[in-house]
Amino acid sequence: MADALSVMPAAVLRNLSDKLYEKRKNAALDVEGIVKQLAVAGDHDKITAVINLLINEFTNSSQANHRKGGLIGLAAATVGLTSEAAQHLEQIVPPVLNSFSVQDSRVRYYACEALYNIAKVVRGDFIVFFNQIFDALCKLSADSDPNVQSAAHLLDRLVKDIVTESDQFSIEEFIPLLRERMNVLNPYVRQFLVGWITVLDSVPDIDMLGFLPDFLDGLFNMLSDSSHEIRQQADSALSEFLQEIKNSPSVDYGRMAEILVQRAASPDEFTRLTAITWINEFIKLGGDQLVPYYADILGAILPCISDKEEKIRVVARETNEELRAIKADPAEGFDVGAILSIARRQLSSEWESTRIEALHWISTLLNSHRPEVLSFLNDIFETLLKALSDPSDEVVLLVLEVHACIAKDPQHFRQLIVFLVHNFRVDNTLLEKRGALIIRRLCVLLDAERVYRELSTILEGESELDFASIMVQALNLILLTSSELAGLRHLLKQSLVNPAGRDLFLSLYSSWCHSPMAIISLCLIAQAYQHASSIIQSPVEEDINVKFLVQLDKLINLLETPIFAYLRLQLLEPGRYMWLLKALYGLLMLLPQQSKAFKILRTRLKTVPSNSFNGEQFKWMSGNSYPQIHHMRSGLQVSEDGDVDEDLQNVHNGINFASRLQQFEHMQQQHRMHAKSHTQSRYSSTSSTKEVQRPEEPRQSLPDISRPPSRSSRRGPGQLQL
């Protein structure tokens, strides 16, 4: 201190702490001159003493004017030292940096001015303090005083110039500082940070691209800033980096892909678009490197396919196709299970387009990595079955294609049909709304005969008889009306002459026994008319209820469709097809006379030509009964069930119709017992509850069964409309 006082006049020290700026400025010039003389003399001990005096008595003072004088004095001392200032920077710079945290804004302003003047003198030697200076500038960029902000901006530009021309700057030490501050929300700080990123990236010797993963997320975060200027600056920086990535031979795509995947789900539209655009470029540029991240990338792409913004949808679809086109091998890290997990999760998306693309991915994986997909089948099978209830027909059709692809293997085929029947059982609306679509499509994809045989086998042993009846009625209606099942109907028509047709008939018969109308329809298709007549005469009084009559009404209407054109043409030869005629008359007798179905069938039977009958037959047609019908030789060919000799044996083409009839009656007896048990259970539960008696309601009349239910009418589960 004594050495400093010996070279520093009292007037100079007094003026340094004066409240007037001019006096402090003049005193600083005096300090500059004194230090310059000492530097020329090489007396660095006294220079050190002068600097310590300025720090201890002025810069560290609690008085604002003393602080201001000290700061301007330190800057003046640095100017006086000129080229020799570097060896004293360890003394000079720290107290200036400490002044940036002083509450008085004027002190902070003078600190900026002092550091600016110091930096101009020492230039490159200043880099050793870069981290501390950067931290101070980051805080000053958001200073509450506009004058301090302005001074900080000037200092910031000078420091940037110094860094860009210096070969001592360490990017490795700088990146942690940058990363720590990238998620700051203050707009001034964000502008400050983007400015530094842009400047450093422009320096050829600084590899900012190599450290991009460290601050990429922060830049994306700025894309949703409320300030248009900040969004624009961040977008410009990202665009520049993306261009550099395209031109760079080596890039760490993996780390950045993780960031992009998260940002692709951003609520901000512009952020999503930028992220999905980057992902698109990454797949084009570094597909192989991204193999371990395919599942995450797919998880980002699929939701964007249904984005409300068209630009995002377009890029997402393009990216999805590019990703799917890449041939990846599980041995190289391609995780089939992870991809399937993403696709399964997206099947629950509220957006149809996303669900469709998820199914395309499952289908693609089945085609290219079938063994791996089947190993994860238990994880996705239930979700695929639930997707059959999807409100979109396109989704349902795609789900069926995936199921069909899985079911190429016999064990998976059986599993599919079992699960499908289970779903129909637990979800009545699925059978009602989607049953026809599902069954018809599966018949196309997996062979109709194979599907119907398997369904019949399962339903034959179905314990829930009501469901079995409903399911069989649905399957029967699909069989009778669907163009996709024309081949199956053709095969059934040959049941009495063709072993393949016979086997199919017998395969369906066991389960079709759950529904009288279904079994009658099956016999009519198979042209087993005598057996159909026997079935028609088998119902007892309790069987003929509203449900029975509704099903009968549907059958009568179906007889007028093109499917049964061959049957109607056979009525031109009533003498040859007596059992057909008897079966139709049997149906007529079961119908209420006032129903439309009765009138339709009676009108049809009136058109049967009577001149084709022989004497005995004509008597019956004139009103007599059937006493001799079994003894008439009708001249039937082997393809028809009127062959008297074989009928007398109750066997035709290996079909024991007597045994079949017993099987049908046994099944119907089970249904009657089930219905009685159900009725008694309901009665017991009703009588056991003590309810207040209500006035008896008027009995409702039976519904008009002369026409099929309208689309708006209520249907029982699985009752498909004609």
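**Exercise 1. Surroundings of Pro-391**

Determine which residues Pro-391 contacts in this predicted model, leaving aside its neighbours within four places in sequence, and establish where Pro-391 lies.

*Solution.*
Step 1. With those neighbours set aside, Pro-391 is in contact with Arg-355 and Arg-434.
Step 2. The sequence separation between Pro-391 and Arg-434 is 43 residues, whereas their C-alpha atoms are 9.4 Å apart in space.
Step 3. Pro-391 belongs to the loop between helix 21 and helix 22.
Step 4. The relative accessible area of Pro-391 is 73%. Exposed means over 50%, so Pro-391 is classed as exposed.

**Exercise 2. The buried side of helix 21**

List the buried residues of helix 21 (residues 377-386) and identify elements that cover them.

*Solution.*
Step 1. The buried residues of this helix are Leu-377, Ile-380, Phe-381, Thr-383, Leu-384 and Leu-385.
Step 2. The cover over these residues includes helix 18 (336-346), helix 19 and helix 20 (370-375). Helix 22 (393-406) and helix 23 (410-426) also take part in covering them.

**Exercise 3. Salt bridges between separate parts of the chain**

State how many salt bridges a search of the whole structure finds, then analyse the pairs Glu-165 with Arg-123 and Glu-357 with Arg-324.

*Solution.*
Step 1. The search of the whole structure gives 32 salt bridges.
Step 2. In one of them, the side chains of Glu-165 and Arg-123 meet with an N to O distance of 2.9 Å.
Step 3. Glu-165 is located in the loop between helix 9 (146-164) and helix 10 (171-181), and Arg-123 in the loop between helix 7 (105-122) and helix 8 (130-140); the pair therefore ties together parts 42 residues apart in sequence.
Step 4. Arg-123 has a relative accessible area of 27% and is partly exposed.
Step 5. For Glu-357 and Arg-324, the closest N and O atoms of the salt bridge are 3.4 Å apart. This pair joins helix 19 (residues 352-368), which holds Glu-357, to helix 17 (residues 310-325), which holds Arg-324, across 33 residues.
Step 6. The cut-off for buried is under 20% relative accessible area. Glu-357, at 8%, counts as buried, and Arg-324, at 16%, is buried as well.

**Exercise 4. A further pair and a network**

Give the distance between the closest N and O atoms in the salt bridge of Arg-576 with Glu-573, and name the residues linked with Asp-135 in a network of salt bridges.

*Solution.*
Step 1. The closest N and O atoms of Arg-576 and Glu-573 are 3.5 Å apart. Glu-573 is partly exposed, at 36% relative accessibility.
Step 2. The network of salt bridges links Asp-135 with Lys-139, Glu-180 and Arg-181.

**Exercise 5. The largest nonpolar core**

Identify the residues that touch the most other members of the largest nonpolar core, and the helix that gives the most to this core.

*Solution.*
Step 1. The core holds 240 residues, and Trp-278 and Tyr-452 touch the most other members.
Step 2. Helix 26 (residues 465-481) gives the most to this core, supplying ten residues.
Step 3. Not counting residues up to four places away in sequence, Trp-278 touches Leu-212, Leu-216, Phe-220, Leu-238, Phe-241, Leu-242, Ile-245 and Leu-260.

**Exercise 6. Packing of helix 26 on helix 28**

Classify the packing of helix 26 and helix 28 (residues 499-512) from the angle between them, and describe the residues at their contact.

*Solution.*
Step 1. The two helices pack at an angle of about 140 degrees, and their axes are 10 Å apart.
Step 2. Angles over 145 degrees count as roughly antiparallel and 65 to 115 as roughly perpendicular; helix 26 and helix 28 are therefore oblique to each other.
Step 3. Helix 26 contributes Val-472, Leu-475, Asn-476 and Leu-479 to the contact, and helix 28 contributes Leu-508, Ser-511 and Trp-512.
Step 4. Sorted by class, the contact of helix 26 with helix 28 comprises five nonpolar, two polar and no charged residues.

**Exercise 7. Positive phi values**

Locate Asp-447 and Gln-527, and state whether each is buried or partly exposed.

*Solution.*
Step 1. Asp-447, a residue other than glycine, has a positive phi near 85 degrees. Asp-447 sits in the loop between helix 24 (428-446) and helix 25 (448-460), and is partly exposed at 43% relative accessible area.
Step 2. Gln-527 is not a glycine either, and its phi is positive at about 65 degrees. Gln-527 occupies the loop between helix 29 (516-526) and helix 30 (529-536), and is buried at 12% relative accessible area.

Technical notes:
Residues numbered from 1 in each chain as written. Predicted model: local features only at pLDDT ≥ 70, side-chain atom pairs only at ≥ 80, totals over all residues. Heavy atoms only, no water. Core = buried A, V, L, I, M, F, W, Y, C linked by side-chain atoms within 4.5 Å. Buried < 20%, exposed > 50% of the residue type's maximum accessible area, 1.4 Å probe, protein only. Helix = DSSP H or I, 4+ residues; strand = E, 2+ residues; numbered from the N terminus. Contact = heavy atoms within 4.5 Å. Axes fitted to C-alpha atoms, helices over the stretch in contact; angles between N-to-C directions. Parallel < 35°, antiparallel > 145°, perpendicular 65-115°, else oblique. Nonpolar A, V, L, I, M, F, W, Y, C, P; charged D, E, K, R; others polar. Salt bridge = Lys/Arg side-chain N within 4 Å of Asp/Glu carboxyl O.
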